[in-house]
There are 6 protein chains.
Amino acid sequence: MFYHTQNLQFEAKPDAPDPAFARRFQEVLGGKWGEMTVANQYLYQGWNCRLPGKYKDMLMAIGTEEMAHVELICTMIARLLDGAPLSAQEAAVDGNPATAAVFGGSNPQHAIVTGGGAYPVDSNGIPWSGAFITASGNLHADFHLNATAEMQGRLQVARLWNMTEDPGVKDTLRFLLARDHYHQQQWLRAIQDLEAEGLDKLPVPDAFDVDQESPVRDAAYQFIDCSDGDQAGAGSWVDTEALDGSGRTLSYVKGTPSGDKPILPPGDPRLYGTPPPDMAPKA
Amino acid sequence: MFYHTQNLQFEAKPDAPDPAFARRFQEVLGGKWGEMTVANQYLYQGWNCRLPGKYKDMLMAIGTEEMAHVELICTMIARLLDGAPLSAQEAAVDGNPATAAVFGGSNPQHAIVTGGGAYPVDSNGIPWSGAFITASGNLHADFHLNATAEMQGRLQVARLWNMTEDPGVKDTLRFLLARDHYHQQQWLRAIQDLEAEGLDKLPVPDAFDVDQESPVRDAAYQFIDCSDGDQAGAGSWVDTEALDGSGRTLSYVKGTPSGDKPILPPGDPRLYGTPPPDMAPKA
Amino acid sequence: MFYHTQNLQFEAKPDAPDPAFARRFQEVLGGKWGEMTVANQYLYQGWNCRLPGKYKDMLMAIGTEEMAHVELICTMIARLLDGAPLSAQEAAVDGNPATAAVFGGSNPQHAIVTGGGAYPVDSNGIPWSGAFITASGNLHADFHLNATAEMQGRLQVARLWNMTEDPGVKDTLRFLLARDHYHQQQWLRAIQDLEAEGLDKLPVPDAFDVDQESPVRDAAYQFIDCSDGDQAGAGSWVDTEALDGSGRTLSYVKGTPSGDKPILPPGDPRLYGTPPPDMAPKA
Amino acid sequence: MFYHTQNLQFEAKPDAPDPAFARRFQEVLGGKWGEMTVANQYLYQGWNCRLPGKYKDMLMAIGTEEMAHVELICTMIARLLDGAPLSAQEAAVDGNPATAAVFGGSNPQHAIVTGGGAYPVDSNGIPWSGAFITASGNLHADFHLNATAEMQGRLQVARLWNMTEDPGVKDTLRFLLARDHYHQQQWLRAIQDLEAEGLDKLPVPDAFDVDQESPVRDAAYQFIDCSDGDQAGAGSWVDTEALDGSGRTLSYVKGTPSGDKPILPPGDPRLYGTPPPDMAPKA
Amino acid sequence: MFYHTQNLQFEAKPDAPDPAFARRFQEVLGGKWGEMTVANQYLYQGWNCRLPGKYKDMLMAIGTEEMAHVELICTMIARLLDGAPLSAQEAAVDGNPATAAVFGGSNPQHAIVTGGGAYPVDSNGIPWSGAFITASGNLHADFHLNATAEMQGRLQVARLWNMTEDPGVKDTLRFLLARDHYHQQQWLRAIQDLEAEGLDKLPVPDAFDVDQESPVRDAAYQFIDCSDGDQAGAGSWVDTEALDGSGRTLSYVKGTPSGDKPILPPGDPRLYGTPPPDMAPKA
Amino acid sequence: MFYHTQNLQFEAKPDAPDPAFARRFQEVLGGKWGEMTVANQYLYQGWNCRLPGKYKDMLMAIGTEEMAHVELICTMIARLLDGAPLSAQEAAVDGNPATAAVFGGSNPQHAIVTGGGAYPVDSNGIPWSGAFITASGNLHADFHLNATAEMQGRLQVARLWNMTEDPGVKDTLRFLLARDHYHQQQWLRAIQDLEAEGLDKLPVPDAFDVDQESPVRDAAYQFIDCSDGDQAGAGSWVDTEALDGSGRTLSYVKGTPSGDKPILPPGDPRLYGTPPPDMAPKA
C-alpha cells in the first residue's frame, strides 16, 4: 500500500518556459527507458518476487522512489509549457528564429490534449507501453535489465543536459543524474550478491540433456562468425575461459549450416495456400 | 550486404504437429526477447557503431547469425502447424481432451491469416515492434542490454523445453539454449574488454558541474529507502565501496522530500483549463 | 513523493489456483479500464492541476489508493498461477475437460515470460498503454471520464464475479466492487461541486463569435437524425430545455447537407498523385 | 446499411493553406477523442445494443452523423496541405521565420505518405486505434463515456480555435463546436432518461453477497485518503448522502492496510525463477 | 454525408451460438484485412482523391457499402456470443470436450469488456489500427493495394467457411465471398482503365536524372540474386521484356556490393557515444 | 542461413548533414512501406512457402537483397545526423531561418535515444510493426501485395527526391528508385507466371456451395452503388466481362438492403448489460 506527500523529492523549477525542451524531457518520463518504465519495472518485479527478504524489499524501495521521479518530471514539464506560441503565425511575430524553432520543435498535444501538462508519452508523443517492462521471475536476468535501464536512462538525461542552459532545469537534471548513478551501481552490486549467495549464476541452470561430446554442447562455447569484418574474433570472447565454471575455452568458428534445405509439407487444402493440393510437393 | 543459403544452421524437424506449442514457440521468434529482437538489435548497433574494429565486426557477425535463428524457428513453426483442428466441433470429434486443449491453446491467425506459417508476433499474437530494440550509440550501456536479452531469451527457451516432449523439437531447443549460453558470456566478456581498454566505464562520464560537497553529489551514493521492508539495506549496495573509482562509500538513508509542495501557474486561458482565469492562483 | 508499506490494503488469497481466471483478472489490472488506468489517470490529473485545494488533494489521494489496488491484483494473480499445466498433453493427463479448458483459456506468457507473475497487460495479453489515460486540464470534462472509468471498472469486476466460485477470490472482488461504488459517487459529487462553485459548467465556455441568429447557433441545439429508426427523437434530448442556461429548446431535424460537393485542387506535382498535372481539375 | 451523398454536411474551405495547422487538425480527426472515435463508438454501441427503441435509434442516428464530420475534416485537411514547403532549405528561401515554423511544425507523412491528404492519425501522426472506443453493453456506463467524449472533443476544438486566424477554418470549427455542444447535452439527457425509466442506476446493481454490517460494505461509502493534502476531504464527497438510494452517508478515513504482508509460494521449478527450489520459502 | 437504414444489407442469423467462432469472425471485422480496413481505406482514398469523376465516385460507393459489411458482421458476432460458458468449471459441467474447446478458444473480452458484443479487434483481440489503411494519392499504387485487400479478405473468409458447419453463418459467409469476388475484379478493371486513359502507368514516372548508360539505369532492369536457390532466375522476371515500354530486357545477375565498407564519423561528443572523443576514428 | 559482407550494395554518402531530411528518410526505412517491411515480408513469405522451386527461391533472393537496403539507409541516416543543433537556442544562433526549420523538423530521438543513429521507426518516430507484413500462404494474393509495396515504396522515394538537393543523397535515392522499378515489374511478371502455370487464378477457387441461380451468385458480379456520384458506373467495372472465366457480365445496381432490421437477444444477465432481464425484448 502507498502513501503520498505533496512535497517533491527535489525541486523542479525552471527559470523560464521552453516548450521544445518540455517535449524532449518527455523522453525520460514516458519513453522506453524513462521513469515510468523503471518505477513500474521494479514494482512488478517486487510484487512477483517469490523470495522474501532483501531483494524484494529493495525492489519495493526503489520502485516507490521512482514514482517520485515521475512526479518531479511532470511538475517540471507543466512549468516549461507556459507561454507556448499557439501557431506558426504567432511564433513569427517577433521575427526571432528561436521562437520559430520552439514552435516547430514542440509537441502539439501539449496544448491541444493536455492543456499545458505532462502525459505518459515519449519525445515523439508515442504512449508509454506496458511492454517496456519485464519481470521474468529470474532475478539474475532481471537485474541485468535493471542495470542497463539505469545506464540508458542516465545516458539520455546526460544528453538532455546538453540541450538546455536553464539553471533551474539543470539543477533537477543533476539530481536525476546522481540517482541514476547510484542505481546503476546498486544493480551491479545486487548481481554480485546473487552470485555470492549461490542463488543464481548465468541463467539458466545448464542441464538440458545434452551429451557432453555432442556438437550441440560445443555450440555453447563458440563464437560463430557470419560477417567478414577481420577483427570480429579479436576480443576476449574468443580464446578465453568460459564464465560458467565449466573449464571450457571459448573458441572461434566460421558460420556454416548443419541443417538441410527445408521442404515444407503441402498444408491443409482447406486453407487454400499455393500450391493447389494436386501440385503439392511430397512432404 | 547479405547472402543467403537455403540450408538451415541446424535441423528444425518436429516428430509430430502441435499447434498449441507452435503458438508458444512464437514467443522466442517475435516476442520482446525473441530472435527478431536480438537479430535487429545487434545489426542496428553495428550499423550505428562509430568505432571501427572488433566491436563493430562482432556485432555484425552475431546479428547475422541471429537471422538464421529467425529462419530456423519459422521453419519449425510451419511444420508444427499441420493438421490443426479448425473448429471446436472438429477438435471434439475423438472425445480426447488433449485435442480440445490444443484447439483452445492455439492461435487462430495461424490458420486464418498465415494459412499454416510463422509470422513476427509473440505467443499472444501481438506484433513484433521496432521499440523492442535499442541502439544507443553507447556500447557499455548496450552490451548490458544485450547480456540481459540473451538471459531472458535463454530463460524463455528453457521454459519452452518443459512444455514439450517432442524429440525433434527438443533437438532444436537444445541448439538454441547452447547459442544463448555462448552469447550471454560473449556480452559479459565484451563489457570487460570495454572497461580494460578505457573505452567506457559506468555510463556516463561523471562531470556535470556539481560541487563535490553538495547534497546532490551525495545522492549519487545513497540507497534511498521508500518502503518498509526491513531487509532493504542488508545487501552489498549499502556500506560498500562505490564502483566508480571515486573512493566513496554507498550509504543508506530513508526517503524524505527536499522540494516544496508545487503550485503551478494558472496556464494560458486560451486552453480553457480549470480554473477560469479570474479564479487562478498566484503563480 | 511516495512511501510504501508491504502490508496489502486488503487480503488477496485465492483458495486454489486457476490460471484461466488469472488471465481474465488481468483485464482489471492492465486493461483499458483497469487499475493501472485509474491510478495513473488520477495522478497525472493531480500533477497537472493548476487549481490548488480540494480537487487536487483529492486526485492525489485517490490516485495513490489505486496503486494499492494494482498491488492487490498482482498478488492475487501470482497466487492463481501456481500449478498451471504447461502443455496440452499435460492438461489432458487426468481426462478432465476442465483441465483442458483451463489450459486453452490461460495466457502462455504467464509461464513463458513472467514465470508465474502478473504484468501490465489485459486479458488478451495486450500491453497497457499510456493512451488509456487523459488529463486534459479541464476538471469538468475529466471528472466525467473518471466517473465512467469507475463504472466500466465496476461492471468488469461484477462480470468477473460471475466467472469464479473461489471464496478467496470473491472476497477480494467484493472489496474492489465496494471501492468502485464509492468512487463513482465521488466523481459525480465532485462534478456537482464544480458547478456549484462556478468553476466549470458544460465545457467549454460558449463564446465563439457566432451571430445569435445564425444557423450555426441553431446547430448547438438540434438533434440531427441520420438513421431511420422511428424512436430516435422520442427521448428527452428533444423538445426539452437546453442544459446550458441559454433558455433555448432542444429540437429535432432530419440530417441534410448544407455544404457543396467538394472539388480538391490538383496538388503539388512533385508528390506524384493522380492525376498528372496536365489533366488536373480546375481548383 | 449506409448511403452517401457527396455534398458535405457543412462547408470546409480554408482561405489559405496552413500545413502546420493541418497537422494539429488531425487531433480531432484521428486522435483519441476525435471524430473517428465518436463515430465508431456510437455505431458499435448501437449495433451491440440489446434494447430496441429510442436509445438504439439515437445511437445509430448520431454515429452516422459523426461519419459526416470525419469527411468534413478530411476535406479541410487536404485543402490546408497545398503548397507546403518540402525541405528546410525551401522553407527558408524567403527569410520569413513563419515559413520555417510551418515546416518544423508540419507532419512529414502528409507529403511522403499521403501526398497531400488526411489519414486516421492524431496530431503526432500516431494511428487511430480500435482501443479508443468502448461499447460495454451497459448504456449508463457508456453514456457517461459519450458525454466526456463530447466534452474532450469540444475542448480540443476550442483550443484549435485559438490556433488559427483563417476565417474559413473558423467557420468549420464553429459548426463542430455547435454540434459538440448539442451532443454533450444529449448524453446527459439520455442518462436522466435511463434513470427515470428505471433501466439503469449507478452501475452495477449492488447485490454481491455482502453482509450489511461488514467492513467491506463500509468501504462502498468511504473516502480513503492516501495523500497529505489538507483539503482532500473538504468536498461534497464527504459527509453527504450516498447517491445510490441506500440512505448511507459518505465518510472520510485515512488509508490503512487491512491485509497481510504477502509471501508468495515458490513457484513451479520448471519455470526457473529465483529462488532455486531448495532455497524456496515455505508458502 | 451519410444516411443509415437499420435494415441489413444481408441476413446475419446463426442457427446457434458459437463463441469460439465469434472470436475467429473478428478477424474479418477488425483484423488487418477486415471490413474496417476496406471501408476506411476506400473512404479515405475517395476523400483525398484530387481527380473528380468515376474513380472518386466509385471509391465513395464501395467504401460506403463496406460500412454495411462492418454492421453485418457485428450483428452476427453479437448473436454468436449468447450462452458462452463463463469459466473453465462451467465449461466442463457436461463432460463434453467440445465445450471445453469452446471456452479455451473464445475471447474473454467478449464477456468482460463488451458484455456480448463485437468490437474493432482481430481474432486475437488486437485493436484495429489506422495504420492498416493507405491512401497515397496515387491511384495506380492504391488500386493494387485494394486488389490485394479483397484477395486477402476473400482468402480469410474462405478459411472461415471451413471452420463452421452452421447454415446461417455459411449463408452470410457466402454473401461476403461473393462481394469480395466482385470487388477483386473491380480493382483489376480500374487499373486497366487508369492505364488505358494514360492517367498512370507503373508508378512513378521514370525521370530521375539518370544517365541512360549508367549502372544505376541498369539496376532498374536486373534481378539481383542474393540467395542460393537454383530456380530463382527461372521465371518470366528474367529474359523477358520490361513492362515499362522502355524496350529493355530484364536480366539476371548475382548480388555483389558496389559500395565501400562504411566508416562513420565520430559523432557529437555531447551525445556520449562510444568511442570517447580522443579515441575517435578519422572520419 | 545468412552471411554478411561489410561492403555496402551501393554508396551512401551525403555531401552534408541534414537532420530534418534524416527524419524524413526514416519513412522508407521503418515506415509501413519501408525496407524493413519488404525485407521481412519477402523472407517470411519464402520461409512459409510450401511450393519448392522458382517462387520460393526468388522470394529468398529478393528478401535478402532488401536487407542490404536497410543497411544502406541506416548508414546514410547516421551520416546525415552529424552536427545537429541540440536546442532551439542553438539553432537560432546564426539567425538563419533554415537552421530553425531544421531543428523544428528533426526527430529528437535521433539525439536523445540513438545518439546519432538510425532506428526502425517511421518519419514520425513510430516503431516498425510486425503487423506491416503479410505472408498468407497464397502466392497470388501476396504477390499483388508485393507489387503495391514496391509501388508505394517507389512513390515515397520519389517524393523524398524532391525534398533534398544533396548530390550524394540523390545518388543513393536513384539507386533505390531503380531497384523498386525492377521489383514492381518482377511481381507483376510473377503473377502472370502463376496464372499461366495454373497455380492460382483470382483467389480463392470459387466453389462455395452456391446455387447458380441464387441472388448470392449474382452478388459476385455486381457493382453496388451506395453513394450519389453520377460517374460511379462509368468505368470498365460495369458492363464488361468477368475476369474469372465464368462468362458472366459485370453489372450495376443501386444499393438496397435484403436483410431485416436486427433485434438482438437479451443477453446473459450475469453480464449486466442494458436492459435488465425483466425488460428484455423477445429474441
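The following paragraphs lead through a predicted model, from the parts of one chain to the contacts between chains and then to some details of the backbone.

Chain A offers a starting point. Its domain assignment gives domain 1, covering residues 19-196, and domain 2, covering residues 215-254. Between the C-alpha centres of domain 1 of chain A and domain 2 of chain A there is a distance of 37 Å.

Chain A also has a partner in chain B. A rotation of 180 degrees, with 0.0 Å of shift along its axis, superposes chain A on chain B with an RMSD of 0.0 Å. That is the relation of a two-fold axis. In the contact between these copies, 102 residues of chain A meet 102 residues of chain B. On the side of chain A that touches chain B, the elements that give two or more residues are helix 4 (54-80), helix 8 (139-161), helix 9 (167-196), helix 10 (215-218) and strand 2 (222-225) of chain A. Helix 9 of chain A provides the largest share of that side, 15 residues. Sorted by class, the side of chain A that touches chain B holds 47 nonpolar, 33 polar and 22 charged residues. Of the interface residues of chain A, 100% are also interface residues in chain B, so the copies meet through the same surface.

A second relation links chain F and chain D. A turn of 120 degrees and a shift of 0.0 Å along the axis lay chain F on chain D with an RMSD of 0.0 Å. The two copies are therefore related as by a three-fold rotation axis. Which residue of chain F comes closest to the rotation axis? That residue is Gly104(F), whose C-alpha lies at 2.3 Å from the axis.

The contact between these two chains involves 43 residues of chain F and 40 residues of chain D. Helix 1 (19-25), helix 6 (97-105) and helix 8 (139-161) of chain F are the elements that give two or more residues to the side of chain F that touches chain D. The largest share of that side, 8 residues, comes from helix 6 of chain F. By class, the side of chain F that touches chain D consists of 23 nonpolar, 14 polar and 6 charged residues.

Helix 4 of chain F may be considered by itself. The helix comprises 27 residues, 54-80, and at 1.5 Å a residue it should span 39 Å; its end C-alpha atoms are 39 Å apart, which agrees. Helix 4 of chain F is mostly covered, as 27 of its 27 residues are buried.

Some details of the backbone remain. Most residues other than glycine have a negative phi, and most peptide bonds are trans. In chain C, however, the peptide bond from Pro203(C) to Val204(C) is cis, with omega near 0 degrees. Val204(C) is placed in the loop between helix 9 (167-196) and helix 10 (215-218) of chain C. In chain D, the bond from Pro203(D) to Val204(D) is cis, with omega near 0 degrees, and Val204(D) is in the loop between helix 9 and helix 10 of chain D.

Asp239(B) is not a glycine, yet its phi is positive, at about 60 degrees. This residue lies in the loop between strand 2 (222-225) and strand 3 (251-254) of chain B. Is Asp239(B) buried or partly exposed? With 13 other C-beta atoms within 10 Å, Asp239(B) is partly exposed. Asp239(E), not a glycine, has a positive phi of about 60 degrees and is in the loop between strand 2 and strand 3 of chain E. Asp239(E) counts as partly exposed, because it has 13 C-beta neighbours inside 10 Å.

Conventions: Residues are numbered from 1 along each chain as its sequence is written. Chains are lettered from A and ligands numbered from 1 in the order in which they are written. This is a predicted model: local features need pLDDT of at least 70, side-chain atom pairs count only at pLDDT 80 or more; totals for chains, interfaces and linings use all residues. Copies are superposed by least squares on the C-alpha atoms of residues with pLDDT of at least 70 in both. Two residues are in contact if their C-beta atoms, placed from the backbone, lie within 7 Å. Helices (H or I, at least four residues) and strands (E, at least two) are DSSP runs, numbered from the N terminus. Ala, Val, Leu, Ile, Met, Phe, Trp, Tyr, Cys and Pro count as nonpolar, Asp, Glu, Lys and Arg as charged, and the others, Gly among them, as polar. The expected span of a helix is 1.5 Å times one less than its number of residues. A residue is buried if 20 or more other C-beta atoms lie within 10 Å of its own, exposed if 12 or fewer, and partly exposed in between; C-beta atoms are placed from the backbone. Domain bounds come from an automatic or database domain assignment.
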